[in-house]
Amino acid sequence: MKFIHVLVVAISLLSFGSVHAAQESLDDLLAQAQSTPELSPEKSQREASVHIARSLLLSHYRKQDIDRTLSERVFDHYLDSLDSQRLYFLQSDIEEFAPYRTRLHGALKTGQLEPGFKMYNRYQERIIKRAVYKIELLKNDLKDMDFENDEFILSDRSELPWATTEDELRDIWRKRVKSAALSLKLSGKSLEEAAKTLRTRYQSQLKRALQTRSEDAFQAYMNAFTTLYDPHTNYFSPRLSENFNINMSLSLEGIGAVLQADNEFTKVVRLIAGGPAQQQGQLGPADRIVGVAQGEDGDMVDVVGWRLDEVVELIRGPKHSTVRLEVIPSEAKVDTETRQIAIVRDKVKLEDQAAKSKLIETQRNGVKKRVGVIAIPTFYADFQAMQTGDPNYKSTTRDTLNLLNEMRADGELDGLVIDLRGNGGGSLDEANRLTGLFIEEGPTVQIRSANDRVEVLTDPDPELVYGGPLVVLVDRLSASASEIFAGAIQDYDRGLVMGSQTFGKGTVQSVRPLNHGQLKITQAKFYRISGASTQHKGVVPDIEIPDIVDRTKVGEDALENALPWDSIAAADYSVVQNNAGIESLLNERHKKRLAQNEDFKVLLEEIALLEKQRNQAQVSLKRTTREREIQEAEKEQLSLENRRRALDGKEPYANYEAWEEDVEKQASETRSDELEIDFIVDESVEVLLDYIEATAQASIAKAS
């Protein structure tokens with residue numbers, strides 16, 4: 001049985017000792033910053049480097065030599081991973097490192113780690129220097145800072161040249177501190193309060209920088225190397241390996257989020273279906289966590305620059321306790337725009353991940369129609385119950401079958417909608433079995449390994465459980481096992497796929513132990529039965545509805561060095577029916593309805609607003625201008641939300657603050673177990689009824 005693994009950040013009852021230790025005085029930290037020892041590689045790290053290079057050469061799916069060309073890419077990628085926004089290194093540093101550019105391939109294969117460590121030591125030196133400078137800027141409690149001066153900060157510096165002078169870097173950082181101070185000032189804090197908040201934040205960053213150890217340098221260097229093969233091939237330090245192994249069990253209390261290191265930040269990759277974060281509703285993919293606090297009123301601890309395992313441990317805590325996260329929202333223009341989110345820790349319960357259903361009774365041309373909707377948040381199975389022989393164990397396929405039978409108890413369904421929006425994957429075996437409910441027999445997915453051997457998985461049960469009209473709903477967050485199921489339904493022409501292009505995660509990883517840590521390595525790819533890969537491209541819907549997820553930040557094609565889309569020979573299968581002749585008609589009716597749909601109009605305006613915010617190249621540091629920009633953005637967002645409320649028959653919010661308070665209130669309330677139906681599900685029912693009519697007419701025309 002195969003399982004599509006993800007790194008899940010759960011919560012245990014561990015404590016984070018260094019956080020609770022007494023705070024060192026600022027004078028002590030500044031004294032330590034004057035003389036910091038250089039990091040050097042350990043013998044075990046040198047050996048691990050050799051093992052990693054050998055594993056990548058011999059076992060990775062992508063056949064790629066470790067040669068001079070790769071050396072140049074490692075050099076550039078390493079610099080980018082350390083300083084993607086050109087905030088620390090000077091052009092003179094880059095010139096000093098330049099001789100390494102064409103020499104890293106031999107060094108990596110033989111365990112010579114000095115080049116990577118030298119670059120990292122310089123990076124750490126610059127981080128400490130910048131932290132000290134930021135603290136110096138606060139010495140007069142921001143009273144010297146002019147918030148009426150008309151200057152700005154760039155949203156993205158990644159394509160700019162490196163700074164050539166120390167003064168140039170200092171000015172960049174002066175503006176960043178000013179931007180952070182202005183954000184706090186506009187949130188209602190006085191200059192003294194803003195200065196205190198920033199001083200605590202920068203002191204925490206300095207303390208963390210002074211605690212950097214050899215493993216930080218090694219892990220950063222190795223991952224700059226491994227992720228050139230693909231973004232899912234990673235080196236885990238011994239500490240991170242322990243967290244990975246524990247978290248795979250999904251048995252610990254947590255917020256239910258998949259996190260990854262993103263330069264100096266901790267980024268949310270996705271939320272676990274049924275987990276506390278998803279149920280709370282405010283945390284989202286591509287949000288970056290910059291602070292963590294305990295309870296309702298604990299001090300916010302700045303975690304910028306922290307190791308991923310340290311952030312995880314700080315988030316951990318007792319079941320039913322509250323953790324507060326300070327995050328940079330994915331749509332933020334600059335990294336000084338943050339918001340706080342309170343989440344109650346808990347286990348990711350199997351019942352909260354379970355499929356849910358709702359029967360929709362409607363009419364078409366005066367005739368009553370019964371359409372079932374089944375939402376599947378993840379592909380799950382209670383493996384422990386299976387192993388103990390429990391005949392009533394829960395799984396996606398068994399629960400879907402039970403829900404289907406319940407809805408058919410009072411009469412056959414005219415159609416069925418399977419909602420996989422937000423479903424990030426899970427058990428491959430369950431994706432295979434679920435597909436089997438809707439076909440008589442045949443292949444469901446192909447898996448090609450690094451040695452080019454192709455394995456074809458087939459429907460294990462020849463029984464056709466449901467053969468009626470079918471629509472599968474997907475979105476950008478539908479990934480992996482979801483794409484396998486949706487792709488199979490589409491290839492068989494068994495039904496229609498509707499929504500937006502899916503994530504495109506079509507690779508398989510395994511974890512290999514090293515003498516020092518572990519290596520997660522990509523060794524296979526998924527292919528649809530048509531021969532097309534789900535990798536990179538995902539599943540392209542037959543009927544399209546856009547979603548608000550930022551495709552430039554979320555999705556396989558948004559990741560650097562993702563394995564490309566390709567194809568292999570098709571499996572041996574027979575198309576159930578040919579939908580090609582009616583898709584244009586269905587799309588025409590679909591677009592005509594949406595053009596008149598007020599909910600859809602609001603969605604399009606929301607997408608346009610988010611796109612405008614994302615594309616803002618610079619942010620003003622002038623108080624009046626920044627204040628006006630914020631007010632205008634809040635006004636636009638509130639207008640859209642009140643239009644949506646009016647469509648639901650609800651009273652409008654009086655102001656933006658009232659909306660924020662209501663969002664927080666709803667996040668703290670227990671959510672209903674009843675499946676919620678939105679306008680996209682309603683439209684999928686209409687498409688399904690169009691499909692029934694069109695296929696009936698096509699059958700009559702064919703018979704005549």
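# Exercises on Burial, Contacts and Salt Bridges

Phe152 is placed in strand β2 (residues 152-154), where helices (H or I, at least four residues) and strands (E, at least two) are DSSP runs numbered from the N terminus. The model is predicted, with local features needing pLDDT of at least 70, side-chain atom pairs counting only at pLDDT 80 or more, and totals for chains, interfaces and linings using all residues. Residues are numbered from 1 along each chain as its sequence is written, and side-chain values use heavy atoms, without hydrogens or water.

**Exercise 1.** State whether Phe152 is buried, partly exposed or exposed, and do likewise for Lys267.

*Solution.* Step 1: apply the classes, in which buried means under 20% relative accessible area, exposed over 50%, and partly exposed in between (1.4 Å probe, protein chains only). Step 2: Phe152 has a relative accessibility of 36%, so Phe152 is partly exposed. Step 3: Lys267 belongs to strand β5 (residues 265-271), and its relative accessible area is 15%, so Lys267 is buried. Step 4: beyond neighbours within four places in sequence, the contacts (heavy atoms within 4.5 Å) of Lys267 are Val258, Leu259, Gln260, Asp262, Ala286, Asp287 and Arg288.

**Exercise 2.** Locate His60 in the chain, classify its burial and list the residues that His60 touches.

*Solution.* Step 1: the loop between α3 (43-59) and α4 (68-82) holds His60. Step 2: with a relative accessible area of 0%, His60 is buried. Step 3: not counting residues up to four places away in sequence, His60 touches Ser55, Tyr229, Asp230, Thr233, Ala450, Ile521 and Thr522. Step 4: Leu198 gives a further reference point, as 138 residues separate His60 from Leu198 along the chain and their C-alpha atoms are 45 Å apart.

**Exercise 3.** How many residues of helix α13 (residues 308-315) are buried, and which are they?

*Solution.* Step 1: 8 of the 8 residues in α13 are buried, and the helix is mostly covered. Step 2: the buried residues of α13 are Leu308, Asp309, Glu310, Val311, Val312, Glu313, Leu314 and Ile315.

**Exercise 4.** Examine the salt bridges Glu686–Arg364, Asp557–Arg476 and Arg589–Asp690, and explain what each pair joins.

*Solution.* Step 1: a salt bridge requires a side-chain nitrogen of Lys or Arg within 4 Å of a carboxyl oxygen of Asp or Glu; a search of the whole structure finds 51.

Step 2: the side chains of Glu686 and Arg364 form such a bridge at 2.9 Å, N to O. This pair links distant parts of the chain, 322 residues apart, with Glu686 in helix α23 (residues 679-703) and Arg364 in strand β11 (residues 356-364). Glu686 is partly exposed at 23% relative accessibility, whereas Arg364 is buried at 13%.

Step 3: in the bridge between Asp557 and Arg476, the closest N and O atoms are 2.4 Å apart. Because Asp557 lies in the loop between β20 (543-544) and α19 (580-595), and Arg476 in the loop between β16 (470-474) and α18 (481-491), the pair ties together parts 81 residues apart in sequence. Asp557 is partly exposed at 33% relative accessibility; Arg476, with a relative accessible area of 1%, is buried.

Step 4: the side chains of Arg589 and Asp690 meet at 3.5 Å, N to O. Arg589 lies in helix α19 and Asp690 in helix α23, so this bridge ties together parts 101 residues apart in sequence. Arg589 is partly exposed at 25% relative accessibility, and Asp690 is buried at 2%.

Step 5: salt bridges with shared partners join Arg364, Arg589, Arg593, Glu683, Glu686, Asp690 and Glu693 into one network.
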